[in-house]
Amino acid sequence: MTTIDYAKARELMVEQQVRPWDVLDPRVLDVLAALPREAFVPAAHRNLAYADLALPLGHGEFTMKPVLEGRTLHSLELDPTDDVLEIGTGSGYLTACLGRLTREVTSLEIHADLADAARARLSGQSVDNAQVVVADAYAWRSERRYNAICVTGAVADIPPHFYDWLQPGGRLFVVHGRSPAMEAVLVRNEVNARRIQSLFETDLPYLVGAAPKPVFEF
């Protein structure tokens with residue numbers, strides 16, 4: 001049985017997958033190069049931790065591909081003093097990256113078993129500034145405002161109440177549209193209006209409850 005050199009695989013992931021996709025923020029690259037992605041992947045798929053693949057987590061949920069995780073972190077322009085809301089914890093890997101890059105992370109996960117597994121993984125990596133909350137982002141309400149919001153699943157349309165959680169000057173990363181031609185955007189909550197910057201095209205599984213309504217043809 002071949003033993004995988006995870007450190008080498010991590011280095012190759014950063015240099016051959018992530019960096020070529022215009023992920024150039026040195027803080028982001030350093031975190032991706034240091035954080036063991038294999039510790040956040042279900043055991044059955046650990047040998048694929050650094051492959052250019054979305055890996056299954058259960059409940060029809062998947063990890064993001066490494067390139068998309070890197071591009072997401074780069075796009076948010078994160079600062080060490082930022083407070084971040086993540087919508088969709090999944091494996092907890094992106095949560096951990098956010099925790100290493102910012103002051104505090106609140107992460108919402110609709111599935112309690114995925115939330116429990118993510119908490120254990122975060123604790124195992126000593127990421128103590130990330131809180132995982134079992135909640136449906138479509139029903140959750142909070143008066144708190146965040147510097148950055150990271151949505152890890154697609155939405156057909158951006159829910160208006162997501163904007164309510166942004167501080168003035170805050171940034172929201174989200175993928176929206178209809179599969180397979182979805183658009184990743186960064187929304188900036190500027191003083192006079194929200195400004196939407198188109199980033200790239202991609203295709204992601206929808207958040208629970210975020211898929212487009214079926215269109216019936218007669």
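## A serine in a loop

Serine 126 sits in the loop that runs between α5 (112–124) and β5 (130–134). The phi of serine 126 is near 55 degrees, which is a positive value in a residue other than glycine. With a relative accessible area of 61%, serine 126 counts as exposed. The model described here is predicted.

## Overall form of the chain

The chain holds 6 helices and 9 strands. For 218 residues, a compact globule would have a radius of gyration near 17 Å, and the chain agrees with this at 17 Å. Along its principal axes, the C-alpha trace extends over about 55 × 50 × 35 Å.

Of the 218 residues, 51% count as buried. Among contacts in the chain with a separation of 6 or more, 55% are made by residues 24 or more positions apart. The chain exposes about 10,500 Å², and carbon and sulfur atoms supply 52% of that area. Its side chains include 21 positive and 29 negative ones, and the centres of the two sets lie 2 Å apart.

## Backbone exceptions

Most residues other than glycine have a negative phi, and most peptide bonds are trans. Besides the serine already described, histidine 59 has a positive phi, near 60 degrees. Histidine 59 belongs to the loop between β1 (56–58) and β2 (61–62). With a relative accessible area of 47%, histidine 59 is partly exposed. Glutamate 77, just after α3, also takes a positive phi, of about 50 degrees.

Serine 179 and proline 180 are joined by a cis peptide bond, with omega at about 5 degrees. Proline 180 lies in the loop between β7 (166–178) and β8 (181–189).

## Helix α3 and helix α4

Helix α3 covers residues 66–75 and is mostly covered, with 9 of its 10 residues buried. The buried residues of α3 include the charged-type names Glu69 and Arg71 as listed, along with Pro66, Val67, Leu68, Gly70, Thr72, Leu73 and Ser75.

Leucine 98 is part of helix α4, which spans residues 93–101. Leucine 98 has 0% relative accessibility and therefore counts as buried. Setting aside neighbours within four places in sequence, leucine 98 is in contact with Leu73, Leu78, Val84, Glu86, Val105 and Cys150. Of these, Leu73 is also one of the buried residues of α3. Between leucine 98 and valine 18, which are 80 residues apart in sequence, the C-alpha to C-alpha distance is 16 Å.

## Two further buried residues

Phenylalanine 40 is placed in the loop between α2 (26–34) and β1. At 1% relative accessibility, phenylalanine 40 is buried. Leaving out residues up to four places away in sequence, phenylalanine 40 touches Leu35, Ser91, Gly92, Tyr93, Ala96, Arg121, Leu122 and Gln125. The C-alpha atoms of phenylalanine 40 and glutamine 125 are 9.7 Å apart, although 85 residues separate the two along the chain.

Leucine 204 is in the segment after β9 (194–202). Leucine 204 is buried as well, at 10% relative accessibility. Beyond residues up to four places away in sequence, leucine 204 touches Met64, Leu68, Thr152, Gly153, Ala154, Val175 and Met182. One of these, Leu68, is among the buried residues of α3. The C-alpha atoms of leucine 204 and serine 179 are separated by 7.6 Å, while the two residues are 25 apart along the chain. Serine 179 is the residue joined to proline 180 by the cis peptide bond.

## Cysteines without a disulfide

A search of the whole structure finds 0 disulfides. Why does cysteine 97 form no bond with cysteine 150? The sulfur of cysteine 150 is the closest cysteine sulfur to that of cysteine 97, but at 9.9 Å the distance is too far for a bond. A disulfide needs the two sulfur atoms to be within 2.5 Å.

Both residues are covered: cysteine 97 is buried at 0% relative accessibility, and cysteine 150 is buried at 0% relative accessibility. Cysteine 150 is also one of the residues in contact with leucine 98.

Key: Residues are numbered from 1 along each chain as its sequence is written. This is a predicted model: local features need pLDDT of at least 70, side-chain atom pairs count only at pLDDT 80 or more; totals for chains, interfaces and linings use all residues. Side-chain values use heavy atoms; hydrogens and water are left out. Buried means under 20% relative accessible area, exposed over 50%, partly exposed in between (1.4 Å probe, protein chains only). Helices (H or I, at least four residues) and strands (E, at least two) are DSSP runs, numbered from the N terminus. The radius of gyration is taken over C-alpha atoms; the globule rule is 2.2 Å times the number of residues to the power 0.38. Contact means heavy atoms within 4.5 Å. Accessible areas come from the Shrake-Rupley method with a 1.4 Å probe; for residues, only the protein chains shown count as cover. Lys and Arg count as positive and Asp and Glu as negative; His and the chain ends are not counted. The place of a charge is taken as NZ of Lys, CZ of Arg, CG of Asp or CD of Glu.
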